[in-house]
Amino acid sequence: MEYNVQMTVNGKAVSGKVEARTLLVQFIREHLRLTGTHVGCDTTQCGCCVIHVDGVAMKSCTMLALQADGKSILTIEGLAAADGALHPMQQAFRDHHGLQCGFCTPGMVMMGVDIARRLPGADEKTVRHQLEGNICRCTGYQGIVEAIMDASAKMHAAKA
Amino acid sequence: MHNFNYHHAADIADAALKLKVTVEPKLLAGGMTLLPTLKNRLAQPSDLIDLAKIDGLKGISVEGKEVVVKAMTTHAVVAASTDVRKAIPALADLADGIGDPAVRHRGTIGGSVANSDPAADYPAGVLGLDAVVETNERKINADDFFTGLFETALKPGEIITAVRFKIPDRAHYMKFRHPASGYAVVGVMVAQYGAKVRVAVTGAGPNAFRVRAMEDALEKSFAPASVANIKIPAGDLLGDIHCSAEYRAHLVNVYARRCVEALVK
Amino acid sequence: MLPAAVSSVDALKADSPKVWPEFGTNEVVHWEYGEAAKVETLLRSAHRVVKVDLVNNRIAPAPMEPRVVAAKYDAAEGRLTVWSPTQGGRRIQMMLARTLLKMAPDKVRVISIDTGGGFGVRSKMFPETAMVAYAARQLGRPVKWLGDRAETFVSDYHGRDQINHAQMGLDRDGKAFVLKVETLLNVGAYLSENGLRLPMEGGGRIIPCGYHIPDFYFSVKPTFTNTVCTDTYRGAGRPEANYLMERLMDKAAETYGLPREEIRRRNFIKPSQFPYKTHLGFVIDSGDFAGTMEMALEHSNWAAFEERRGRSAARGKLRGIGLAFFIEGAGSRPVEGMRVRFEDNGDVSVIAGTYSHGQGHATVYSQLVHEFLGVDYDKVRLINGDTGTSPEVSNGTFGSRSSMVGGGGVKRACDAIIVKGKKIAARLLQSDATRVTFEAGVFRAQTSSVTMADVAAAARDPNKLPDGMAPGLDEYVVYENDTENFPNGAHVAEIEVDPETGVVEILNYVAVDDCGVVLNPFIVHGQIYGGIAQGIGQALTENIVYDAEGQLLSGTFMDYGMPRAGHFSHIDARFNAMPAKTNELGVKGAGEAGCCGAPPAIVSAVVDALGSYGIKHIDMPLSPERVWRAIQESRVNKAA
């Protein structure tokens, strides 16, 4: 049986027909063709699939599309400004060499934004701890941690 | 993942009805355990009944000497609650250490408790803070609730609505994270209520359990030395490629003592 | 269930189940280097002989992108297109075309658009790639296969899994002069592409690593077992070689009562000995091994460590510091095609035989083209990863080779462009080519000048070319070198052990690397950090575990300890750059250095922390329980 689902994705109303078992990440990648959100594991460990649901970070591999019905979703594709200017977190990843192969990066960036919002001015140890659910195999996390701290400071300053 | 039918429950009565009329239903709370289980095809329910739209199942209140956390309240909400932080900081700390931030944004107390996952944190909180698990049918004391590996006293059709924690004089929770998964290998909650002390352990055994010998010793003298030499038999504990039963037994002792140290400091 | 042989040690026992009964043994081959009898005699003559028995644990490369293959067959044209993350598609194309599907190579195209981590494992041909391609051709329809993480654990080749027994004989002064290494390699159930060769060719070429030890015997026994194949994983034999040498050096220091840095000082290959030929015939051109180590000691404040140990002890923690020196062999198979092409819109394309999958080639090649030709950095584009457009010679990226072969190829192509450009400029400037100079993108003769863009435009117009010159300024070179390069470094790890739980926490990590000339410190640091993270993973958290029946027990990220951000401290990475003398850029590879240095540095540090318990060694990974058990056992031993 198929179910109707509708939500806002990156500011646009979308809808579709899904099976009950369709994961949110499948809906995003395969129905909406937004392939920036990745899947790196089957056990909710790696965080490559992190997106924002109603403004907070969640793992889209461990949500049904139907659980997102009526919600507002932000994926990596919706993070930059409409004119293409990178979000401060994206810019910081670029500035600090926070990515290599790029596979974990969308999840890392989305988690980074979430960390920066919840814990402005977080120190290195806190940021490392907050990345518990995001695995990177390339960078040794150094550039990622630096990027999140830098962007967090900038996002906070911009708000103040 | 096998397919299933999906339903939203409008309210608790609706959820209870749907549990009755479907073949092999499962309640869906945050899904942080259920969905990985389904993805790995370790379960095949016919129907999922999503509780997310029942507003009455969300929220935190302090009622007299109790903190009441409704079943669909997420870990992140508990962790960030100033009421919880003020009344039972150990409970806020526990919630703040579950999984990772993304998991805390979805996972719920009801889902965690109902599942009796041996590596979950909340069972130590429920048992250590002498909680009462409220369902649509009755109230279950924590001591009667966790009955085995992924097994609880819940009957088919029963739905957790809230967990009612007794506010302790003081309490502390610590856990040893699994080297791979980050889940609790051993999590210990030590709580003091007047002359009474509760020591509850999650992670180590098939389900959360209390360590009466430690409680007795701490009731006589609330000091780290009281528990330092109380060994836990490894025979009933879990073991895996990272942490054997013997090691877990040892960690229970270390973490119980460290909780007491933190409390008397 | 059929009986299984899981470890190489067990597989060699007479009564072990035979993976291939028709061979009658699980021993694939026995390779030897050196004279066994002579080395035995020398060992007997030594003042002291130190021995180590080591398990170099099996680990999973685990790139974040699981394995994926899609294929499409155009029956009318007879063309097959395969999309899959690789480290360079040409080899896959050739194997699919020639060996597996019996098609003309130009009818098979392999495209890797983005590869989510390589680490050696993505350079391989896997059965699923062939099956998906075959299915697409048979069905005439697109076929796609997505491996999930669990499938990736049981089908991606694993790395390491060696047992090393090593003995080193030293003279009265602590100078080593003879080395004997016996290695068992677990190759898994089949022969993978390169797995078999790793101990001897991968590691053996640099043994005895940074040290001068004149006599060497090496025995390698690759062994079949009922496990996933092992093959190249970041380092591919060199981490194992360095690990055993560093454990030997620590053992020697302990035996002689010398500081760990002093035993190394006495045994380093000295700058005066370069070029230095290794036992297996590779020539190390340059290095400052002792100086590099001194830098690491200085930046880690090694000398004042005991004071810090005391501070930790006051908090009930055991602090330790560890040192590792390592040498690497980088730039293997030094042949690569590189093309520099001038586009109509003024852009310059680098069409590379290498393939960037996170190494930042677009950054570095653009930087080089800017430096050599004066073209704007932003106008340089990298084209790679598609056999339909890549140069005929396209080996890909592996073995820390791209700085030398790719960067060197860009250099040679640009040099040729300048030579040709001067001739064209001479005609435009009505001068003589020998009098034209080129600097920062401008050709000059006396007072007049033309830019590279002018010359590139003129090169398209036969009327503006000197007589007989072919149009176009593009250059294609096949870079060749007759040697690799030899990065090296000294790493210091400082850790704390919680003696009650066995948990190891990293407090400080200093890496001093000689990667030769650093083309871009950002990029090279990124490689160093990543390598260190994987090395720390091997040392502390990662382990592939099978049960006795051959069932994989560590097949998900719930069970396999992937290092997380919280496992590390900030890494302090520095360079002691000794330009390589054997390639025009002076570069040495950087990709695999970290995972050579980190495991011995970490183990040395933990053993140092546990010195008061009399613990001399713990096999990797130094998981909390292993460390805790070692402490328990030493307590029992002490009591007895």
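# Chatting through a three-chain model

Tutor: Let's start with helix α12 of chain C, which is mostly covered: 19 of its 27 residues are buried. Keep in mind that this is a predicted model.

Student: Okay! How far does α12 of chain C reach from its first C-alpha to its last?

Tutor: The helix runs over residues 402–428 and reaches 36 Å, close to the 39 Å expected at 1.5 Å a residue.

Student: And what comes just after α12(C)?

Tutor: There you meet C:Gln430, which takes a positive phi of about 55°.

Student: Can you pick one residue of that helix for me to look at?

Tutor: Try C:Ala425, which has its place in helix α12 of chain C.

Student: Is C:Ala425 buried or exposed?

Tutor: C:Ala425 is buried, because 27 other C-beta atoms lie within 10 Å, and 20 or more is what counts as buried.

Student: Which residues does C:Ala425 touch, leaving out those up to four places away in sequence?

Tutor: C:Ala425 touches C:Val436, C:Phe443, C:Val450 and C:Val455. You can also find C:Ala456, which is 31 residues from C:Ala425 in sequence and 9.7 Å from C:Ala425 in space, C-alpha to C-alpha.

Student: Cool. How is chain C divided into domains?

Tutor: Domain 1 of chain C is made of 9–59, 157–330 and 484–639, domain 2 is 68–151, and domain 3 is 335–480.

Student: How many Å separate the centres of domain 1 and domain 2 of chain C?

Tutor: The centres are 35 Å apart, taken over C-alpha atoms. Where these two domains of chain C meet, the contact takes 11 residues from domain 1 and 8 residues from domain 2. On the domain 1 side, by class, there are 4 nonpolar, 4 polar and 3 charged residues.

Student: What pLDDT does chain C average?

Tutor: Chain C averages 96, and 100% of the residues score at least 70. For the model, ipTM is 0.97 and pTM is 0.97.

Student: Let's switch to chain A. How many helices and strands does chain A have?

Tutor: Chain A has 5 helices and 5 strands. Along the sequence, their pattern reads β-β-α-β-β-β-α-α-α-α.

Student: What is the radius of gyration of chain A, and what would a compact globule have?

Tutor: Chain A has 15 Å, which agrees with the compact globule rule, because a globule with 160 residues would be near 15 Å. Along its principal axes, the C-alpha trace of chain A spans about 50 × 35 × 25 Å.

Student: What share of chain A do buried residues make up?

Tutor: Buried residues make up 58% of the 160 residues in chain A. Looking at contacts in chain A with a separation of 6 or more, 61% come from residues 24 or more positions apart.

Student: Where are the domains of chain A?

Tutor: Domain 1 of chain A covers 2–78 and domain 2 covers 88–159. Their C-alpha centres lie 21 Å apart.

Student: How many residues of domain 1 of chain A are in contact with domain 2 of chain A?

Tutor: 15 residues of domain 1 are in contact with 11 residues of domain 2 in chain A. On the domain 1 side, β3 (50–53) and β4 of chain A each supply at least two residues. The largest share of that side, 3 residues, comes from β3(A). By class, the domain 1 side has 8 nonpolar, 7 polar and no charged residues.

Student: Now the partners. Which element gives the most to the side of chain A that touches chain B?

Tutor: The contact takes 24 residues from chain A and 23 residues from chain B. β4(A) gives the most to the chain A side, with 4 residues. By class, that side of chain A has 10 nonpolar, 8 polar and 6 charged residues.

Student: How many residues of chain C are in contact with chain A?

Tutor: 30 residues of chain C are in contact with 27 residues of chain A. On the chain C side, the largest share comes from α14(C), with 6 residues. The class count for that side of chain C is 15 nonpolar, 10 polar and 5 charged residues.

Student: One last thing: what domains does the assignment of chain B give?

Tutor: Chain B has domain 1 (1–50) and domain 2 (170–264) in the domain assignment. Taken over C-alpha atoms, 34 Å separate the centres of those two domains of chain B.

Key
Residues numbered from 1 in each chain as written. Chains lettered and ligands numbered in written order. Predicted model: local features only at pLDDT ≥ 70, side-chain atom pairs only at ≥ 80, totals over all residues. Domains from an automatic or database assignment. Contact = placed C-beta atoms within 7 Å. Nonpolar A, V, L, I, M, F, W, Y, C, P; charged D, E, K, R; others polar. Expected span 1.5 Å × (residues − 1). Buried ≥ 20, exposed ≤ 12 C-beta atoms within 10 Å, placed from the backbone. pLDDT = per-residue confidence, 0-100. Rg over C-alpha atoms; globule rule 2.2 N^0.38 Å.
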